[in-house]
Amino acid sequence: MRRPGIEPGLVAWEATVLPLDQRRASAIRTMAHESYKYIGCGSVGVAKDMRADTILRGMELRRWTPFTFLVPDRYVDHDDWWRTFDFEAWSRSTYEWTADSWNGFRDFAQHPRDCVDSGRGDCEDYALVALASAVARGRPGVGIAFCWELPYPWPTHVIAFDDDFVYSSGDIVETSVDDWVRDSRYTVALRRRLRTHPA
């Protein structure tokens, strides 16, 4: 028989669960901190002092670029302002393509009006402006396409299209998506048409 106090007794199960739960919260904060570091939201020193929920809110997950493909209708701005917006003139004279400092799963799309107001944005920003303009003008067959360029396993370009035109980072080309892809450096374009009925 062993005397109590010579070796440690069994730990109650609640005592082992609580630290595990605390470790999970810590792991979430660490992951959010790492994401925050890479998406350019601020310095690492600032991120260390922030809570995970604050960091995740700052990412504006609703604007995550892949969502623009999954549910493109949610990203079309239906404001009446688009009816008078001269999309072609803006594309030729104002719009400046600007690469994001990150890509892939850390890419977030601007609201179309923000892109118009700043006059700059990357490919998905331009595509969302093109979608809003095409819907407002009643263009048939409006949609968005994510384009792959080998050897990358993720899409590297986003275009908007309708039945007659392809809208690609400031270029408006009277062609089909298939012909545009054939003449470009991209291998394939995964397309999704909007369910929004033109105005």
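**Entry 1: getting my bearings**

Before anything else I note that strands are DSSP runs of E with at least two residues, helices are runs of H or I with at least four, and both are numbered from the N terminus. With that in hand, I placed serine 169 in the loop between β5 (165-168) and β6 (171-174). Serine 169 caught my eye for its positive phi of about 45°, although it is not a glycine. I should say early that this is a predicted model.

Next I looked at the whole chain. I found 8 helices and 7 strands in the protein chain. Of its 199 residues, 36% are buried. I also checked how far contacts reach along the sequence: among those between residues at least 6 apart, 58% join residues at least 24 apart.

**Entry 2: the cores**

Which residues have the most contacts inside the largest nonpolar core? I wrote down Trp82, Phe85, Phe87, Trp90, Val129, Leu131 and Ile144, in a core of 29 residues. At least two residues of this core come from each of α5 (87-94), α6 (112-118), α7 (123-136), β3 (143-148) and β4 (157-161). The most comes from α7, which gives 11 residues. Another core lies apart from this one and has 10 residues, including Ile159, Val177, Val181 and Ala189. As a reminder to myself, nonpolar side chains in soluble globular proteins tend to be buried together.

I followed one residue of the second core, valine 181, and found its place in helix α8 (residues 177-182). Is valine 181 buried or exposed? Its relative accessibility is 12%, so I put valine 181 down as buried, since the cut-off for that word is under 20%. Not counting residues up to four places away in sequence, valine 181 touches Tyr186, Thr187, Val188 and Ala189. I also noted cysteine 147, which is 34 residues from valine 181 along the chain, with 8.3 Å between their C-alpha atoms.

**Entry 3: α5 against α7**

I turned to a pair of helices. α5 and α7 pack with their axes 10 Å apart, at an angle of about 155°. That makes the two helices roughly antiparallel, because angles over 145 degrees count that way. Where they meet, I listed Phe87, Trp90 and Ser91 on the α5 side, and Tyr126, Val129, Ala130 and Ser133 on the α7 side. Sorted by class, this contact has 5 nonpolar residues, 2 polar ones and no charged ones.

**Entry 4: aromatic rings**

I then went through the rings of Phe, Tyr and Trp, counting a pair if the centres lie within 6.5 Å. How many aromatic pairs are there by this rule? I got a count of 15. One of these is phenylalanine 69 with phenylalanine 146: the ring centres are 5.3 Å apart and the planes stand at 55°, so I call the pair tilted. Phenylalanine 69 is in helix α4 and phenylalanine 146 in strand β3, so this pair ties together parts that are 77 residues apart in sequence. Both phenylalanine 69 and phenylalanine 146 are buried.

The rings of tryptophan 90 and tyrosine 95 are also tilted, because their planes are at 50°, with centres 5.2 Å apart. Tryptophan 90 counts as buried at 5% relative accessibility, and tyrosine 95 counts as buried at 10%. Leaving aside neighbours within four places in sequence, I see tryptophan 90 in contact with Phe85, Tyr95, Cys115, Val116, Gly119, Tyr126 and Val129. Trp90 and Tyr95 also belong to one aromatic cluster, whose members include Trp81, Trp82, Phe165 and Tyr167.

**Entry 5: loose ends**

I looked for places with unusual settings along the chain. The peptide bond from leucine 150 to proline 151 is cis, with omega near 15°. Proline 151 sits in the loop between β3 and β4.

Histidine 78 is in the loop between α4 (65-70) and α5. Its relative accessibility is 47%, so I record histidine 78 as partly exposed. Histidine 78 and alanine 132 are 54 residues apart in sequence, yet 6.7 Å apart from C-alpha to C-alpha.

My last stop was valine 173, in strand β6. At 32% relative accessibility, valine 173 counts as partly exposed. Not counting neighbours within four places in sequence, valine 173 is in contact with Asp164, Phe165, Val166 and Trp180. Phenylalanine 161 is 12 residues from valine 173 in sequence and 9.4 Å away, C-alpha to C-alpha.

Notes:
Residues are numbered from 1 along each chain as its sequence is written. This is a predicted model: local features need pLDDT of at least 70, side-chain atom pairs count only at pLDDT 80 or more; totals for chains, interfaces and linings use all residues. Side-chain values use heavy atoms; hydrogens and water are left out. A nonpolar core is a set of buried Ala, Val, Leu, Ile, Met, Phe, Trp, Tyr and Cys residues joined through side-chain atoms within 4.5 Å. Buried means under 20% relative accessible area, exposed over 50%, partly exposed in between (1.4 Å probe, protein chains only). Contact means heavy atoms within 4.5 Å. Axes are lines fitted to C-alpha atoms, for helices over the stretch in contact, and angles run from 0 to 180 degrees between N-to-C directions. Angles under 35 degrees count as roughly parallel, over 145 as roughly antiparallel, 65 to 115 as roughly perpendicular and the rest as oblique. Ala, Val, Leu, Ile, Met, Phe, Trp, Tyr, Cys and Pro count as nonpolar, Asp, Glu, Lys and Arg as charged, and the others, Gly among them, as polar. Rings of Phe, Tyr and Trp (its six-membered ring) pair if their centres lie within 6.5 Å; planes under 30 degrees apart count as stacked, over 60 as edge-to-face and the rest as tilted.
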